[in-house]
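Trainee: Please take one helix and its end, and go through that part closely.

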Amino acid sequence: MGEILCSTGAFIGRVNGRDHRCFLRVAESLSADAFEFMMYEAWYGKADAVLSDFSASGFRFPVFHMEKQIGEYIGLGGEENRKEAEKRFTLNCEYAARLGAEKLVLHLWNGLPSDRNFQRHMEAYAVFSDIARRYRLLLTVENVVCAVGSPLAHLLALHATYPDAAFTYDTKMAAFHREEAALFSAPGRTILRAGKIRHIHLNDYGGGYRDFEHLQVLHLGEGRVDLLGFTSSLLRAGYRGTVTLECSCMRPDGTLTPEKMNASLAVARELMKGSE
């Protein structure tokens, strides 16, 4: 069984002003094996201080979730937006290397532009992949929500064009597009059998098909995702890599609930243990 991680973003949000110290105050009480660092746009002006605090904490951050607007800039099009995306991507690689991360999670498309001009994102991938390689980081593209297409179809298109491409598969994003089981049947299993799924976001989801009003991440067991079916199929396919939980642990008043994360982590361990 691979390591079960917790996203730092589960404890850092708008409700607490993106204060990174909120996570650091509860990290010791969390039962995760290590953590996935979530980068925010608001931190660019104070990245040195944020990274110094995280580095000094003594915790491990093997996975680095890149700032989400990178893919949005690609989708907007234009030379200035392309340059901004590459600048931010490079900065994120520097930050990840500084934290000792091994894997990157990228929203290759994102926001209002989403995947409306997917060819732009395909072309950007080649540039991003080269940059990540220079930093000795494994770039993984996540199956994030699409405006016009299918996340899994996009991953398959990337694989066809760039056979070395690696991916993060998110159960909530898959459920949003009714693609939870699609990974285990043709043509989805192409990338699974090829060992291209290198990281999992194990999240629950309570909405329906493309239900934008209910897109929030739920704790394991609070939604409708067949988590047992998904993880059983994943383990049968031979997956033994890292898994991250992103379910929010912030109440509207800013109070943190690390005990909820620990409960979900315990569920994730049982699911990923399978028949071992």
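Mentor: Gly 100 comes just after helix α4 and takes a positive phi of about 80°. The model is predicted, so local features need pLDDT of at least 70 and side-chain atom pairs count only at pLDDT 80 or more, while totals for chains, interfaces and linings use all residues. Residues are numbered from 1 along each chain as its sequence is written, and side-chain values use heavy atoms, with hydrogens and water left out.

Helix α4 itself covers residues 79-99; helices here are DSSP runs of H or I with at least four residues, strands are runs of E with at least two, and both are numbered from the N terminus. With 21 residues, α4 reaches 31 Å from its first C-alpha to its last, close to the 30 Å expected at 1.5 Å a residue. That expected span is 1.5 Å times one less than the number of residues.

The buried residues of α4 are Ala 85, Arg 88, Phe 89, Asn 92, Cys 93, Tyr 95, Ala 96 and Leu 99. Buried means under 20% relative accessible area, exposed over 50% and partly exposed in between, with a 1.4 Å probe and protein chains only. These residues lie on the same side of α4 because they cover an arc of only 165° around the axis, the arc being that of the directions from the helix axis to the C-beta atoms. An α-helix has 3.6 residues a turn, so residues three or four places apart point the same way.

Elsewhere, Thr 140 is found in strand β5. Thr 140 is also buried, with a relative accessible area of 0%.
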